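Subject: Structure handover

Hello,

Here is the structure I said I would pass on. Please open it before you read further.

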Amino acid sequence: MSNNTTEKKAVVFDLDGTLLYTLEDLKNATNYALKQNGMPERTLDEVRRFVGNGVKLLMERAVPDGADNPKFEKTFSDFKEYYEAHCNDNTAPYDGIMELLKELKLNGIKLAIVSNKLDPAVKELNQLYFKEYMTSAVGEMEEEGIRKKPAPDMVQKALKELQVSAEDAIYVGDSDVDIATAKNSGLECVSVTWGFRDVEFLKEHGATNLIDEPVELLNYV
């Protein structure tokens, strides 16, 4: 059940598999990079299982022998270059997401995105789809000393930009990484069932609040 004794002031969203369907473009970028470097391509289902921990881990999982492969850095670089140019070819918000964001904004709820996707792609996709709703959009920037999810660093950065404390916010995501991120950040977690992981998997990883439609999130704020 939702924790309606306290009104929430903010919602922090994961991006891929939560707000946006991005799998097709991630698969195409992965396979472009693999093909360029003479490696076997991956299926959509394999890529679905590989995502969630950032693009470097996605590529480590996709490349034979991972980071030990002598061509790994070149393949990863090809992926990044291609994805930056093509991150919006087949990407779109899930049904009901835009209506949900509009409703949350009308209710005075502050909104942020926190994603393990590379920061430039997060900023670009936010600009394209969500700029009128989001106060903050944080992508992977470990080079700046901000650890990626499930560490709490990115959520803390977003909360600071929202000027909201952890107990006044909820975290919404579609994966085990998101459940762990919420826990590490001290936020209540809502898991969506339309993303890249199935319900059983989410429950096995500790999901307690599950929603099947974006509009159901309104019960938690």
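Below is what was found in it, going from the whole chain to the sheet and then to the helix pairs.

**Whole chain**

This is a predicted model. The chain holds nine helices and eight strands. Along the principal axes, its C-alpha atoms fill a box of roughly 55 × 35 × 30 Å. The radius of gyration is 17 Å. A compact globule of 221 residues would have a value near 17 Å, so the two agree.

**The sheet**

Look for an open sheet of six strands. The strand order is 5-4-1-6-7-8, and the pairing is parallel. Strand 5 (136–140) and strand 8 (210–211) are the edges, each pairing on one side only.

Next, find strand 1 (residues 10–13) and strand 6 (residues 169–173). They run parallel, and four bridges join them. Ala10 is a good place to start: Ala169 in strand 6 stands opposite.

Helix 5 (residues 97–106) packs on this sheet. Helix 5 touches strand 1 and strand 4 (110–118). The direction of helix 5 makes about 155° with that of strand 1.

**Helix 1 with helix 4**

Two packed helices are described by the angle between their axes and the distance between the axes. Helix 1 (residues 23–36) and helix 4 (residues 72–86) pack at about 140°, with their axes 8 Å apart. Angles over 145 degrees would count as roughly antiparallel; helix 1 and helix 4 are therefore oblique to each other. Helix 1 passes helix 4 in a right-handed crossing.

Which residues make the contact? From helix 1 they are Asp25, Leu26, Asn28, Ala29, Thr30, Tyr32, Ala33, Leu34 and Gln36. Helix 4 adds Thr75, Asp78, Phe79, Tyr82, Tyr83 and His86. By class, this contact of helix 1 with helix 4 has eight nonpolar, five polar and two charged residues.

**Helix 3 with helix 4**

Helix 4 also meets helix 3 (residues 55–62). Their axes come within 10 Å and cross at roughly 125°. That makes helix 3 oblique to helix 4. The crossing is right-handed.

On the helix 3 side, the contact is made by Val55, Lys56, Leu58, Met59 and Glu60. On the helix 4 side, look at Phe72, Glu73, Thr75, Phe76 and Phe79. The contact of helix 3 with helix 4 has six nonpolar, one polar and three charged residues.

Thr75 and Phe79 of helix 4 are listed in the contact with helix 1 and in the contact with helix 3.

Best wishes

Technical notes. Residues are numbered from 1 along each chain as its sequence is written. This is a predicted model: local features need pLDDT of at least 70, side-chain atom pairs count only at pLDDT 80 or more; totals for chains, interfaces and linings use all residues. Side-chain values use heavy atoms; hydrogens and water are left out. Two strands pair if DSSP finds at least two bridges between them. Helices (H or I, at least four residues) and strands (E, at least two) are DSSP runs, numbered from the N terminus. Contact means heavy atoms within 4.5 Å. Axes are lines fitted to C-alpha atoms, for helices over the stretch in contact, and angles run from 0 to 180 degrees between N-to-C directions. Angles under 35 degrees count as roughly parallel, over 145 as roughly antiparallel, 65 to 115 as roughly perpendicular and the rest as oblique. A crossing is left-handed if the near helix is turned anticlockwise from the far one by less than a right angle, and right-handed if clockwise. Ala, Val, Leu, Ile, Met, Phe, Trp, Tyr, Cys and Pro count as nonpolar, Asp, Glu, Lys and Arg as charged, and the others, Gly among them, as polar. The radius of gyration is taken over C-alpha atoms; the globule rule is 2.2 Å times the number of residues to the power 0.38.
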